[in-house]
Protein chains: 2
Amino acid sequence: MLERIRKEISGIREHIDGKCVAVQVPEGLKQYSAEIMDALRRNGAREVFLFIDPNFGACDLKDREARGLGADVLIHFGHNRFGRITETEIPVIYIPITLELDVKKTISVLQEINGRIALCTTVQYLPYLNEIKKLLGDKIVIGKGVLATEDGQVLGCDPGACNVEADVNVIITDGIFHGILAKMQTGRKTYILTPAGKLIDVEPHVERYLRQRETAKILARDAKRVGVVITTKRGQMYTDVAERIAEIIRNAGTDADILVCDYFYPEYVEGMPYDAYVFTGCPRVPIDDYTRFKKPVLTVAEAMEVWGR
Amino acid sequence: MLERIRKEISGIREHIDGKCVAVQVPEGLKQYSAEIMDALRRNGAREVFLFIDPNFGACDLKDREARGLGADVLIHFGHNRFGRITETEIPVIYIPITLELDVKKTISVLQEINGRIALCTTVQYLPYLNEIKKLLGDKIVIGKGVLATEDGQVLGCDPGACNVEADVNVIITDGIFHGILAKMQTGRKTYILTPAGKLIDVEPHVERYLRQRETAKILARDAKRVGVVITTKRGQMYTDVAERIAEIIRNAGTDADILVCDYFYPEYVEGMPYDAYVFTGCPRVPIDDYTRFKKPVLTVAEAMEVWGR
């Protein structure tokens, strides 16, 4: 990993030499901070600022903050450009980090699946898709999402790459979440294929997920007052959506206030007078942090089911 | 409390009528969010955005974020203007909340103290100072801090209001922290006087505090690599100080990197390769969160003691 990071950094030497550089790294790379900072300085960076707020995607791009610090360039590790962000306040260099994948094993697992496969993956395994497609030909169909900027790429907010004509979805990744979204969006059989070559049918996970979300919606339906939450994160800020949702909730006879934060931590709303929340930013927040919130937190789509009509 | 908040809000009706209003409240007022939001709308606010990130001072002013949401005005509850913030991106209305104080009891306690008293307090009890001064005359001396904008006001980063000719400091407040700072800055006898009239000598607290800080400095001295932390909070951002401190640490033969965050949460640096941190924002962070950090966190002044010379 360190070798790859150092190689990536020396590859952008011309963009950092003599410059003041700001850096964002995903949680998994924080352990290599010292080496990353040293490599940047060895390649000529005059000063380096490392953001340590947890970063889960390029939707949380810190270009404004980097400019405020006086940085000339922002290096964003671990993700590629997020579709909603087209202009930035200083130049941004994205360095996605590719992880190991057992291609041989992957191919043999895919060959045993009947029918055409809508194949997609997260940014960490993107470079393998072409190689697989070349070997398996028409059996593999690669689509393109809306907010994800690369062919075949899925995001926690965008499973759109599987929206192609195919018989089954296969998502190469090590979590279940993207598979649940893909299954819900297309209705068709969906598998997670782990980097080690394990094939997982998401069906039982979808069922558990739907039960959990059904409970959240039922609880929210009884709310007397709802907090509609906007995050100020660059690519996740949907002020107009929040205003519209608040209006819909009010029209349904329920009080609604618009709340704003950077991260939506459960501690922030403890003791506040809301019986339910709608989070308008990353759809993973209501779902991943389900057990940490004492009150139901709905996505925008779920809020429409509860209060819209 | 609710009555007072409603009165304050109707008092600024002309500034909110027909406007899009953003609001910041301290943690203690979050429980009244519904009433605050309703009162703002009753007084004509077209839309209200309530920030829910924890707010501990007007140094953490969200005027930029409020403008980003499309707000016309920001109402900041619980604090008055912070000295470093002179210009804002949209108009800001500060509504400090005055808490109950037993003035009679306060006067009688002050009368029993020998010598001239440098009297100061936090924003919650500021309006009482004049009344007390009027009754006790020359016995009371009221100074002015640097970052605190009102006569007699102390902040967690600015005990300067006690820097006047006097025999003893008395700080009306319900915590110990400001007293420790005042004692350290002036060297003279310092008491906390609680709103209920209890007089507390800070001496033993200072001793405990100094032992705690000494330990932090001793641990930091052995650090191989130090993280110098900048916060992006509006009034607490000291980029130049961080750069200078990092340089001083490097000149002392120790590696130093500059880290950046909004809040400095202990979880953010877990697993990172730093043996000690210097926090360049609010000095309460290294001290109040002492037990939550696994590594020593120093203030800027402490860092100078360890690495400067």
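**Exercise 1. In this predicted model, work out how A:P266 counts: buried or exposed, or in between?**

*Step 1.* Count the neighbours: A:P266 has 14 C-beta neighbours inside 10 Å.

*Step 2.* Hold that up against the cut-offs: 20 or more would make a residue buried, and 12 or fewer would make it exposed. So A:P266 counts as partly exposed.

*Step 3.* Now find its place in the chain. A:P266 sits in the loop that runs between strand 11 (255-261) and strand 12 (276-279) of chain A.

*Step 4.* Look for its partners. Setting aside neighbours within four places in sequence, A:P266 touches A:D289, A:R292, A:F293 and A:K294. Take A:F293: it lies 27 residues away along the chain, yet the two C-alpha atoms are 5.3 Å apart.

**Exercise 2. Find which residues of helix 3 (residues 33-42) of chain A are buried, and what covers them.**

*Step 1.* Pick out the buried ones: A:S33, A:I36, A:M37, A:A39 and A:L40.

*Step 2.* Look down the axis of helix 3 of chain A. Those buried residues fall within an arc of 165°, so they line one face of the helix. A handy bit of background: an α-helix has 3.6 residues a turn, so residues three or four places apart point the same way.

*Step 3.* See what lies over them. The cover includes helix 1 (2-11), helix 2 (13-16), strand 1 (20-24) and strand 2 (47-51) of chain A, and strand 11 (255-261) of chain B is in there too.

*Step 4.* Check the far end: just after helix 3 of chain A, A:G44 has a positive phi of about 100°.

**Exercise 3. Describe how helix 5 (residues 103-111) and helix 6 (residues 128-136) of chain B cross.**

*Step 1.* Start with the axes, which come within 11 Å and cross at roughly 50°. That angle makes helix 5 of chain B oblique to helix 6 of chain B.

*Step 2.* Add the handedness: this crossing is right-handed.

*Step 3.* List who makes the contact. Helix 5 of chain B brings B:V103, B:T106, B:I107, B:L110 and B:Q111, while helix 6 of chain B brings B:Y128, B:E131, B:I132, B:L135 and B:L136. Sorted by class, that's seven nonpolar, two polar and one charged.

**Exercise 4. Which residues of helix 6 of chain B are buried?**

*Step 1.* They are B:Y128, B:L129 and B:I132.

*Step 2.* Viewed down the axis of helix 6 of chain B, they fit within an arc of 100°, so they line one face of the helix.

*Step 3.* Their cover includes helix 5, strand 5 (117-121) and strand 6 (140-141) of chain B.

*Step 4.* Just after helix 6 of chain B, B:G137 takes a positive phi of about 60°.

Notes. Residues are numbered from 1 along each chain as its sequence is written. Chains are lettered from A and ligands numbered from 1 in the order in which they are written. This is a predicted model: local features need pLDDT of at least 70, side-chain atom pairs count only at pLDDT 80 or more; totals for chains, interfaces and linings use all residues. Axes are lines fitted to C-alpha atoms, for helices over the stretch in contact, and angles run from 0 to 180 degrees between N-to-C directions. Helices (H or I, at least four residues) and strands (E, at least two) are DSSP runs, numbered from the N terminus. Angles under 35 degrees count as roughly parallel, over 145 as roughly antiparallel, 65 to 115 as roughly perpendicular and the rest as oblique. A crossing is left-handed if the near helix is turned anticlockwise from the far one by less than a right angle, and right-handed if clockwise. Two residues are in contact if their C-beta atoms, placed from the backbone, lie within 7 Å. Ala, Val, Leu, Ile, Met, Phe, Trp, Tyr, Cys and Pro count as nonpolar, Asp, Glu, Lys and Arg as charged, and the others, Gly among them, as polar. The arc is that of the directions from the helix axis to the C-beta atoms.
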